[in-house]
Amino acid sequence: MLNSRYVHLHEALGLGVMWLNANAKIITPIPNPVSTPDTNTFQAASTTPTSNKHEHSNARLAALQRVRGNANPTLATENHLHDNIQTIPHIITQATQQSVVTPQNATIMAMSVCPSVQDIAAKKLFSGDDGVMLYKMLAAIGLQAQDVYLTTWLKDFPDFNPKPPTEIVVAAAPRVAQEWQKSGAKALLLLGDLFFDREDVQQQIEQFCPHHQRFIIPHPMRIINNQTLKRGAWETLQRLEKHIKAA
């Protein structure tokens, strides 16, 4: 018998029937719709959030301007980084503290390198199509929104910076390690192979998380944009599911 969650995962990843055994019998699914959660949202820095489209556009513009002005950060730009951090005070730290899902009650910790430009504007991690894809994939292996603690490697750095230099990676590592050690999570799901497969990043992760507890898949947005990544992500999620059940 084939658990219907596998069918949903095939559907979410767009793999189609070609990966299913021709003799497989599908168990009738129990309706359990999953919607993108309102948890793991960013707390506004000083004022009450608003839905005004003009202010939302201004926020996106400001984020994009910071991207252009900080494309290649180095140690010599420490003062510039400090100014950027003051622009949106501790945006990632606040997201962690305000989260309904805490490290202590999550089944897994899911981590990306940094919030996207859209996330910065929306003040919410995985606020777009990448979040929809992420939660579909996790639901297919039996994980709901309340089982997943979302976080990022760069916690006090509000700019979109998917390729931070080694010195920034190393500087952020102790807080990431502390966050993981305080958690009761059974596994660490790393979202973004281009970052988390880097040698300097792997060296830092090795110091606090055993190899058998971490799983790396491409960032959900890359999976959406590159169909060839779907099969590898599916296989990794299968291993994650087995690990969680055995833990």
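**Exercise 1. Work out how strand S1 is joined to strand S2, and name the residue in S2 that stands opposite Ile 108.**

Solution. Begin with the terms: strands (E, at least two residues) and helices (H or I, at least four residues) are DSSP runs, numbered from the N terminus, and two strands pair if DSSP finds at least two bridges between them. With these terms in hand, S1 and S2 run parallel and are joined by five bridges. Within this pairing, the residue of S2 that stands opposite Ile 108 is Val 148.

The model is a predicted one, in which local features need pLDDT of at least 70 and side-chain atom pairs count only at pLDDT 80 or more, while totals for chains, interfaces and linings use all residues. Residues are numbered from 1 along each chain as its sequence is written, and side-chain values use heavy atoms, with hydrogens and water left out.

**Exercise 2. Extend the pairing to the whole sheet, and find which strands stand at its edges.**

Solution. First take the other partner of S1: strand S1 (residues 108-112) and strand S3 (residues 187-191) run parallel and are joined by four bridges, and Met 109 has Leu 188 in S3 as its bridge partner. Next, place all the strands in order, which gives S2-S1-S3-S4, an open sheet of four strands with parallel pairing. The edges are held by strand S2 (148-152) and strand S4 (214-217), and each of them has a single partner strand, so one side of each is left without a neighbour in the sheet. From one strand to the next, the twist averages 25°; here axes are lines fitted to C-alpha atoms, for helices over the stretch in contact, and angles run from 0 to 180 degrees between N-to-C directions.

**Exercise 3. Decide whether the residues of S2 are buried or exposed, on each of its faces.**

Solution. The cut-offs come first: buried means under 20% relative accessible area, exposed over 50%, and partly exposed in between, with a 1.4 Å probe and protein chains only. In a regular strand the side chains alternate between the two faces of the sheet. On one side of S2 stand Val 148, Leu 150 and Thr 152, on the other Tyr 149 and Thr 151, and all of these are buried. Five of the five residues of S2 are therefore buried, so S2 is largely enclosed by the rest of the structure.

**Exercise 4. Describe how helices H6 and H7 are placed against the sheet.**

Solution. Start with helix H6 (residues 129-140), which lies across S1, S2, S3 and S4 and runs at about 140° to S2. Then turn to helix H7 (residues 166-182), which packs on the sheet and touches S1, S2 and S3, where contact means heavy atoms within 4.5 Å. The direction of H7 makes about 160° with that of S1.

**Exercise 5. Compare Lys 123 and Phe 126, beginning with their phi angles and ending with their accessibility.**

Solution. Lys 123 has a positive phi of about 60° although it is not a glycine, and Phe 126, also not a glycine, has a positive phi of about 50°. Lys 123 sits in the loop between helix H5 (117-122) and H6, and Phe 126 is likewise found in the loop between H5 and H6. Their accessibility can then be read off: Lys 123 is partly exposed, at 28% relative accessible area, whereas Phe 126 is buried, at 3%.

**Exercise 6. Trace the aromatic pairs of Trp 153 with Phe 195 and with Phe 208.**

Solution. Rings of Phe, Tyr and Trp (its six-membered ring) pair if their centres lie within 6.5 Å, and planes under 30 degrees apart count as stacked, over 60 as edge-to-face and the rest as tilted. By this rule there are four aromatic pairs. Trp 153 and Phe 195 make an edge-to-face pair, with 6.1 Å from centre to centre and 70° between the planes. Trp 153 lies in the loop between S2 and H7 and Phe 195 in helix H8 (residues 193-196), so this pair ties together parts that are 42 residues apart in sequence. Both rings belong to buried residues, since Trp 153 has 1% relative accessibility and Phe 195 has 3%.

The pair of Trp 153 and Phe 208 is tilted, at 6.5 Å centre to centre and 35° between the planes. Phe 208, in the loop between helix H9 (199-205) and S4, is 55 residues apart from Trp 153, and Phe 208 is buried at 11% relative accessibility. As a last step, ring pairs link Trp 153, Phe 195, Phe 196 and Phe 208 into a cluster.
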